[in-house]
Amino acid sequence: MHEPAHDPDVLLLARGLRKVYHDPERGEVVAVHGLDLACRRGEVYGLLGPNGAGKTTSLRMLSTILAPSSGRAWLDGVDVTEDPLEARRRLGFLSTSTGLYPRLTGRETLRYFGELHGMAGAALEARIEELVAAFDLGAFVDGRTEGFSTGQKQKISIARAVLHRPPVLILDEPTTGLDILASSAMIAFIEGARDQGACVLFSTHIMSEAERLCDRLGVLYRGRLLAEGTHDELRARTGAAYLDGVFLALVREADREARA
């Protein structure tokens, strides 16, 4: 299926993404219902929702980890289902569950993933040194990752995600479990990626992060995208002054419609 005509600055596009699981007790369980969204170059799009809303399932479909039951998605023009390997070359993916190989050093980790992306030789080593400087990894990059703190692991994971200079970043609740210093570093990284023209899609349930970072927001609840827009557009729609109020108003509206 060819990518539909759209603005060339839209680097992430989803049309009708749906994911169905089959549970022995509950039968068919729809985790995501027909998700449509688009994220542009130089934009941070925040996907908000409570635990179990379908955020992680949506991001895993977009990042080629899960195959959608139906629908299509494109990363920088590449269909994630038809050509997942090429899609991954254009993607940096990060989540709190993205593990590191404990017996590799930080530098070996970066070298290994660089080689997976087709990088080699002096160009790869130069890029690693660039990231060591950019993320202040020098004090620990040559130690085994099994001994790293949570913040150090996150820094290596960020460097790994951007090693091949991907135009699209997908971040699944990237600050969960981090202390204030590591969280601040992650937020600064996201702001920097946007400033450099990346398309950034990330999920969170931390409203303060969304208020600070997101150019546009989508509210996901029970697998459905209830609304999307800028902060001002969502405030105007709901009449709420703050983002937590926007979120609650949309969820309550959805619950009333479901009961009716």
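These exercises, each with a worked solution, explore a predicted model.

**Exercise 1. Aromatic pairs**

Find how many aromatic pairs the whole structure has, then classify the pair Tyr 101 and Tyr 112.

*Solution.* Start with the count. A search of the whole structure finds five aromatic pairs. Now take Tyr 101 and Tyr 112: their ring centres are 5.8 Å apart, and the planes meet at 80°. Planes over 60 degrees apart count as edge-to-face. Tyr 101 and Tyr 112 are therefore an edge-to-face pair.

Next, place the two residues. Tyr 101 lies in the loop between β6 (91–95) and α3 (106–116), while Tyr 112 is in helix α3, so the pair ties together parts that are eleven residues apart in sequence.

Then check exposure. Buried means under 20% relative accessible area, and exposed means over 50%. Tyr 101 has 43%, so this residue counts as partly exposed. Tyr 112 has 34% and is partly exposed.

Compare Phe 140 and Phe 148. This pair is edge-to-face, with 5.2 Å centre to centre and 80° between the planes. Both Phe 140 and Phe 148 are buried.

**Exercise 2. A cluster and two charges**

Identify which residues form one aromatic cluster, and find the charged residues over the rings of Phe 113 and Tyr 21.

*Solution.* First, the cluster: Tyr 101, Tyr 112 and Phe 113 belong to it. Second, look at the ring of Phe 113. The charged end of Arg 160 sits over this ring, 4.7 Å from its centre. Third, turn to Tyr 21. Lys 19 lies over its face, at 5.6 Å from the ring centre.

**Exercise 3. Helix α4**

Test the length of helix α4 (residues 121–134), then work out where its buried residues lie.

*Solution.* Begin with the length. The helix has 14 residues, and at 1.5 Å a residue they should span 20 Å. The end C-alpha atoms of α4 are 20 Å apart, which agrees.

Now list the buried residues of α4: Leu 124, Arg 127, Ile 128, Leu 131 and Val 132. Seen down the helix axis, the buried residues fall within an arc of 145°, so they line one face of α4. They pack against α3 and α5 (150–162).

Check the other side of α4. There, Ala 122, Ala 123, Ala 133 and Ala 134 are exposed. Finally, step past the helix end. Just after α4, Asp 136 takes a positive phi of about 55°.

**Exercise 4. Strands and a hairpin**

Give the strand order of the four-stranded open sheet, name its edge strands, and describe the hairpin of β9 and β10.

*Solution.* The order is β2-β1-β4-β5, with antiparallel pairing. An edge strand pairs on one side only; here these are β2 (27–40) and β5 (78–79). Look inside the sheet. Strand β1 (residues 10–23) pairs with β2 over ten bridges, in the antiparallel sense. Leu 13, for one, has Ala 38 in β2 as its bridge partner.

Now the hairpin. Strands β9 (residues 216–221) and β10 (residues 224–229) run antiparallel, joined by five bridges. One bridge partner to find is that of Val 219, which is Ala 227 in β10. Two residues lie between β9 and β10. In the turn, Arg 222 has a positive phi of about 50°.

**Exercise 5. One serine**

Locate Ser 183 and decide whether this residue is buried or exposed.

*Solution.* Ser 183 is in helix α6 (residues 180–195). Its relative accessible area is 14%, so Ser 183 is buried. Leaving out residues up to four places away in sequence, Ser 183 touches Thr 175 and Leu 178.

Notes: Residues numbered from 1 in each chain as written. Predicted model: local features only at pLDDT ≥ 70, side-chain atom pairs only at ≥ 80, totals over all residues. Heavy atoms only, no water. Phe/Tyr/Trp six-rings, centres within 6.5 Å; stacked < 30°, edge-to-face > 60°. Buried < 20%, exposed > 50% of the residue type's maximum accessible area, 1.4 Å probe, protein only. Lys NZ or Arg CZ within 6 Å of the ring centre and 35° of its normal. Expected span 1.5 Å × (residues − 1). Arc of directions from axis to C-beta. Contact = heavy atoms within 4.5 Å. Pairing = 2+ DSSP bridges.
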